[in-house]
Each structure stands twice: as C-alpha cells, then as structure tokens.
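Me: Hi! I'm new to this one, could you walk me through it? I'll pull it up now.

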Amino acid sequence: MDPNTASWALVVALFMPLAGAAVLSVMPSAMDQVIRRTAVVITGIAFALVAWLTASFDYTRSGELQFTSDAMWIPAINARFELGIDGISLPLFFLTYLLTFLCAIYTTKHLPEPGKPKAFLALMMLLQTGMAGTFVAFDLVLFFVFWELVLVPMFFMIGMWGGPRRDYASVKFFLYTLFGSIFMLVAFLAIYFQAGATTWSIQELSAMAPGGLTFQTWAFLGIFLGFAIKVPMWPFHTWLPDAHTEAPTVGSVLLAGVLLKMGTYGFIRIALPILPDGAVRFAPLIGVLAVIGIIYGSLCCLAQTDVKRLIAFSSVGHMGFVMLGIAAMNEAGIQAALFGNIAHGVITGMLFFLAGSLHERYHTREIAVIGGGMLKKIPRYGVLLTFVAVASLGLPGLAGFWGEFTAMWAAISPGMGLADSYSGLYLALVIFAAIGTVLTAGYFLWLLQRVNLGNPSERWAAEPLDDVMRIEWVSWTPLLVLILALGIFPVLVFGVQDAAVTNLMSYLGG
Amino acid sequence: MTIDFVAIAPEIALAITALVVLAVDLMLRDNAKQIVNPVAALGTLIAIGFTVNLWGQQRTTFGTSFVIDNYAVVFKLLFLGSLLAILGISWRFFAEGRYFQGEYYFLLVTAFIGMSIMPSARDLILLFVAIETVSIPAFIMAGLRKRDLYSSEAALKFFIIGVLSVALMLFGMSMVYGLTGTTDLVNIAESIRVAGEASPLLLGSVMLVIVGFGFKISAVPFHFWAPDTYAGSPMPVAAMLAVASKAAGFAGLIAVTFIAFEPVAHVWAPIMGVLAIVTMTLGNLVALQQRDLIRLLAYSSVAQAGYMMIPFGLARSGLEGAVVNDAAVQAILFYLIAYAVMNIGAFGVAIAINRRTGLRSISDYAGLSGRSPLMAMAMTVFLLSLGGAPPTVGLWAKFAIVQAALTDVTPFAIVLMVFLTINSVIAFFYYLKVVKIMWMDPARDGAPALQPGFNLSIFVGLLMAGTVVLGVLPGLLSSATSLASVLTSG
C-alpha cells in the first residue's frame, strides 16, 4: 500500500466500524453469540487494516501527512473532508483500533447487566469511529464533528451498562464535556473568521497563526476549556471519577485509553500550532494546573477505598504529567506528552480491564472487603496486577517511566522564551511533580499491599475464584507485551513522532 | 393591473385544495371521511410542484407587494414540507378520534395559505392579512376537541392573547403608515432613512409591530399561551403551532425588521438580543420542571425561539451591516428548517405514544426502547438534534447561529454566545432526561402495547433519516439557504 496514493485505506479503516455498527443493528437480537463474534471479526478486520496501514507508513517522512484525502464537504462554509495521518496521529490511531478490538474480544465473555450485546457493540463501534476520526481529521469542522460524535455512545454506555450511580455519572459526563466543546466551537469559528474565513484546514491555519496576542489569548481560552475538560485537568476533572467508576469495564478502558487522549492530542495538534502566542501565555498556568492535578490526584488515590475509583483518580495524576510536558513548550516536552498519552492508554486501559475482572470475581471493588491474599488465591491475576501497577507508577524499564521522566526533564528548561521569565516557577513545578511520583508509588504499593499480599480473608478462603481465564489472556496479552516493549524500546513511539514533532515546533517558532 | 398567476400558483393550489377538502368531506360518510387526508396531501404535492418551478426566478405581482425570490421559495417549501409532514402525523389521530375531519383539514390548509404568503409579502397590509389567515384557523383548530375542557381553555387563551397582540400590531402598523406615508416595506425603509433621526413615536410603533410577531413566535414575555395551548390542542395542531406557525412568525418578523425597519436596527437589535436571552433562558429553566412531554416540548420550543432570535440581535443598519444581516437571515432560515424537521418528528413520536393509550407523561416513556425500538430511536435522534449533538442537523443549526454571530464580532455578540452556550447545556439536561427514561428505565408493568401505525412510522422514519442525513451533509441545506438572501431582493 503506497502511503501517497492509498487514501482509501484510511477512509475505509475509519468508517468500517460505523458500517459494522449498522450491520450489527440489523441483526436479530436473539443471535447473541453470533453478534458478539461478528463484532470481533469486524473490529479485527479494521485492526488488521490499520496494522497494514501502520506497516506501509513511510517512516522516513513521518513529519508529513500520509494517506491523505481532501474533498469539499460543506461548500457554504468551506469545510472540507480532509483526512491524513502523520507521526503524531499514527500511534494514537493504532491504539484506538487495538483497544477496541481487544474490548470486542473481552465482550464475547463479559458483559454487564442488562446484556443486550447488539446495542452495546454497535455503540462501541460508533464510538470507535468518533475517536479514530478525531485523530485523523485535519479540518476543524470535521474534527469537531468526530469530537462530539464520541459523546452520545459513551453517554449510553455509561447510562445503560454502568454501575449503581450511572444516571448521575452519564449525565454529568455528557453535560460537562458538552459545555467545554461549545466554547471550543466558538473559538474555532473565531479563528476561522480571523484567518479570513476561507479555510478550516489545521495545517493552513497553523502556518498562518492568525490574530494578535489579544485574539490568541481569548481564542486559546475557549479551546483550553474544551480540551482541559476532556483531558481532564484539575479543576475540571470532577466528571472523571464518576464516569470511570460507573462505566462498564469496556467503557472505562476506552475512556482511559483513548477518550482522554483526545484532549491532549487537541492541545498539541490544534491549540499550540494555531495559537502559539496564546499558548505561551497560558503555558505557566497549564503547568501549575497540571502539577496540582498530579499532587491532588495522588492524594485522592490515597483516600480511595474502591479499586476502580482509585485507578480513575490515578488518571488525573498521570494526565497531569502529560500536560506538564505540553506546558514545557519544547520538543522534548511534546514528545513526552505524546509518549505519556500512549503509555497511559495502554497501562490504565489494562488496569481497568483488571479492575473489571476483579469485580466479576469478588463482586465488590472495596479494598477492605477483598482484604488481601490475591497472590495466593488467584496468583496469575495477582502477578498481572502487580506488573501493571508497577508500570503505572513509573518504574524504569516499563512504559510508564518514559512519559513522566521526559516530561519533568523537559520542564526544567521550558522553550519559547518561558525559561527567561518563569524558570523559577518551572523548577518548582518539576520538584512538586517529582514529589507526585513518590506519592504515586506510595498509593500503588499500598494498594498492592492491601489486596495482593497476606492471606485470603476467611470470607474468600473457601470461595472458588477463577484465575485469569483464556479470554482474558487473549485480550490482555497484547497490552502486557506493549507495556514491556515500550518500556524497553521507547524509540518505538519516540522515533515515529520525532519528525512530526519537529515539524510542529516549527509552527511554534521554537 | 395584470396578475402574475405563476407567482401565486402555490397559494391558488392550496386554496383549491382547501375547498375540495371541504366539499369531499360533505359528500362522504363516517369512515370514508378519512379520504380527505390524502386529498389534502395531493393538493400539497401539487403546490410543492408549483413552488419548485419558481426556484431561481424573480417575480413581482400586485404592484410590488408580492415578491417571489429564492428566499420566499425556500420558506414556502419549508411550509409545504411541514404541511405534508403534519398531514402524515394527523391521519390516524383524526380518523380515530372522529373529530371534525373535513373542517380540520380545511382549516389546516387555509392556515398554510397564510404562511405561504408571509415570506413573499412586502407590504404591511398583506403581512397583516397573512398573519390573520394563519391565526384565525389556528384559534379554531386549538379548540377542535370541543368536549374537552383543556382544549377549550387552550383555544380561549390562544384567542385572547392572540387577538390582543394582533390589535397592538395593527395599531403599530397604522402609526408607521401615518409617519411614513406608505405601507410598502422597501419604501418605509427609504422614508425612515431620508428622515434621518427617527422620532420616538416611530420607534414606539416599530416595537408594537415587533410585539405582534413576538406573540406568534412565542417569545418571552408573550409566550404564556404556548404551553397551555400546546398541551390542550389536538397533538397535530400543537405540532403545527410549534413549527409552522412559528416559522411563519419568523418569516414576517424578518420581513419587517430586516427590510422595513432596517435603518433603525440599532434600536430594535439590542432589544431583540435581550429578548432572545430572556426567551431561551426562561424557556429552558421552566422546561427542566416539566413532567408532561408536550409541555416539555412547548417550553423547549420557547427556548428554541430564543436561539432563533439571536441573529436578530446581531442586525445592523446601513451598508456595512449588510454582510452581518445576510448571515443572520441565513442562520434563521437554516435553523427554522432544521427545527421543523426535528420538532415535527418529536411530535410525531408523541402522537404515536399517545395514540390509543392517551399517555403523555414523561414517565410513560419508560422502557420505550423495548416496546418500540423505532420510536425510541427516532425520539432519541430528534431530542439530541434539538439539543444540537452530532451527527444531527441540530448541530449545524447552532453552528449557523454562532457563525452569524462571529461574522463581525461585537461585545454584545459575545454575550449572546455565552448565553447560547450555557443554555445549550441546560437544554441537554432535560432532553437527556427523556432519552435516559426511554432507554434506561424499565417499562411499567402493564404498559399498553404501542400501535403507531404504518403511516406514522413511515413519516417518523423519514424525518429521522432527514435529521441524520442533513446532519452528515448539511451542505444540502446550506447551499439552498445561502442562495436565499432576502436583502438582495429588498
């Protein structure tokens, strides 16, 4: 497949899940197992196509858009159907298809009440198109549509298959995100008019960087609200613990694995290059909020009694590191942010799988009720939990390390002239972030101590609990391999992104 | 004076249809009476044919008071399309209720003649005739279930407030005539422009005229009739009032504000902007409290009117305002079309639920996804579209308004945008509440089976498809509305 001409591949890969959702929705509901297998096949084919696309990607030109399509879409407002993929999009795009495929496999055996695999899988595939489209759309209007498309299926996923407080969580998720995205839309339109009302193309607008400092500051504020809520940054994070905790396992995996990345991706792809002046002005604020998020997230984790809620709060902290990388406004920082994105997606996605399986076995997620001894009771599961938790706390040699370490390293010497006026602030941020890593290690190790070590409590000693099942091995192994591989060869992601990030920095003028 | 019959062919077709409907109804007995519905639909199709034929033409007749241009054609197609959809959702409802079918269809078609005239009218008197042709049949239709107390109350409330506001409007019009010496909209604008500084008396009369239309579009504080009337009227009539009659009000309002009173836009635009803010905020806040679906849709339609009033708040006088005004009118037009598709659809589903069961409370929608997946899916699409979520046409309707507001940014436009944002979120709260109940709550025990009927299902399905298709390819609509500029014709 030639990355210069095979634009069909990207379009087909993007809309295949949507077509799959349509296929599923016309199948009779009684064919329960057939529906689940069909979903595996469709997401599998889509993943294979994306894998092929990844293999044919021209890595020597990873800074440029490949597999591009460009067609007029809405003539009245000059919106175009502009797709493409470069070194920044590729890892996230790949991750989206991988995670959805694994979720489809996982769903063949595990689906919470009230069942209805048809609706669940159709929504998941609709979600997939929305998420994937966000990473490959290079027209602001198209980007916005894909961005918003994600809301509805996720709302239903949480609201129909979620935990006891699903009503509250789903509505809160929807309204919160919606609130941010309307401000984002207003900012997009303002940019469009400021740039002469001729183009929505992200690349053309990046080259223009329209408006003066005042305009850029206001426009950045609008976009900031949209993306910061999605990331989520402290203090806009309050929807996340509820949504994550109440969502079904697959929903949590996709939320953590992909949805949160849309926010950071948006900052890097849209907010920084199009509004560099505004970004420089906001960078210190982003840095401060990011570090507050790191510390606050860790402290909240220490206070949690529910495993899943603990993992949810750990996301707030980890995304803080990603945002710290962005706040550094230099090449290493952007690299760190993008790497942190992928690492967090893989690790936390995996953690949510584990939390889901934990609940299926113990029918509770309360740490005190589980009461330790998992390494004795279900040893393989216990080992996996240890492995992933250790990866999440940033042990060198596993994926979690590189994003956090590089982000702090980058923030010591921020780019774009920030070092001149804010060097003290950034140094303080790095110090607090480092304290955050210690706290992160603290809560994860404490969690392991409480659920893994010791002897199983009386309540569970006699209970027959399954260790890791075959279907779980199948859906988890790729993630476990990735956690290790990215830890040992971070260049797998850094190398792909390198040229694209350099390219991006040229827009920033740094 | 020669009359250009091609230009008024759609109205003539509708008038003949109305008379035929009345005659056919007289000749038929009992069950056969329901034939009048397809007869009316056939007449509507013929009128649509005549209207499509006018696309791209520029015609004037009755002096300069009746104008055909793309703007008028788009509006007429909107009305006739709504008429077709309302006929679709009325059939079973009236056939089973055995209400006065012939009378209903006659009145319905007559009201649409008035609507069809509205976007073409360029004269205060013709505008007044058009608005009365819409209102008077509507008063009767609201009270059509005459043995039902609520229906009578609906009609009475509607009538009293309606007549009062029309009287105010007529008073305003007469003073405008007295001050400018003409009833022709373009000449009024010219006369105001020549006079320079507008007198307070003139500004007062302008306000009176706007108040008259404010009643039709149920803008706050002239909205009090709307919820009671919608809830009490037969449901298809409520759909007509919420969509077509409101669109007609907007057509008239656009004509008087953007053409006749354009030179004093700096006076009425801020007032309209503030009314827009009040209308959408109040409509949304009250909608949050509703338990009856029709009342919820009624307050939601008040809020939607608020969104559509935002572009009026952006208007400016003079040449430099032309670009903004153009964008504003296009945004209103786009929103109206989108609103018609999704709101008639929502009423269609409500009729399907209500039919034979009489259910109308929101809690009766619990578990709808299991009882009737098509209706639940359709209602979800319509409600999400009313809220403005992709991939539905409602998103682009909001988009069009934001686009108009940012064509030339003013501080007031930003204030309007902030209120639009906050209100969109509030609105989602109650739209999602219904969606949640339909999909996530279990059906009540012994909930009666639904029989939407073939006809209604088809129409609801078509409207749902339209909402989604236009949501994916809004260009289909915007390429038509962007050609339809009222100002170039003015």
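Reply: Happy to. One term before we start: two residues are in contact if their C-beta atoms, placed from the backbone, lie within 7 Å. Also, this is a predicted model.

Me: Got it. So how many residues of chain A are in contact with chain B?
Reply: On chain A there are 26, and they are in contact with 24 residues of chain B.

Me: Which element of chain A gives the most to that side?
Reply: That's α7(A), with 13 residues. β1, α5 and α6 of chain A also supply at least two residues each.

Me: And how do the residues on that side divide into nonpolar, polar and charged?
Reply: There are 23 nonpolar, 1 polar and 2 charged.

Me: Switching to chain B: why is α9 largely enclosed?
Reply: Helix α9 of chain B spans residues 225-232, and 7 of its 8 residues are buried, so the rest of the structure largely encloses it. Trp225(B) and Tyr230(B) are among the buried ones. The cover includes α5, α6, α10 and α12 of chain B.

Me: What about the loop between α8 and α9 of chain B, what lies there?
Reply: Pro221(B) is one residue of that loop, and a cis peptide bond joins Val220(B) to it, with omega about 5°. Ser218(B) lies in that loop too; its phi is near 50°, a positive value in a residue other than glycine.

Me: Is Ser218(B) buried or exposed?
Reply: Buried, because 29 other C-beta atoms lie within 10 Å of Ser218(B), and 20 or more is the cut-off.

Me: Where is the other cis bond, the one with omega about -5°?
Reply: That one joins Pro390(B) and Pro391(B). Pro391(B) is in the loop between α15 and α16 of chain B.

Methods
Residues numbered from 1 in each chain as written. Chains lettered and ligands numbered in written order. Predicted model: local features only at pLDDT ≥ 70, side-chain atom pairs only at ≥ 80, totals over all residues. Helix = DSSP H or I, 4+ residues; strand = E, 2+ residues; numbered from the N terminus. Nonpolar A, V, L, I, M, F, W, Y, C, P; charged D, E, K, R; others polar. Buried ≥ 20, exposed ≤ 12 C-beta atoms within 10 Å, placed from the backbone.
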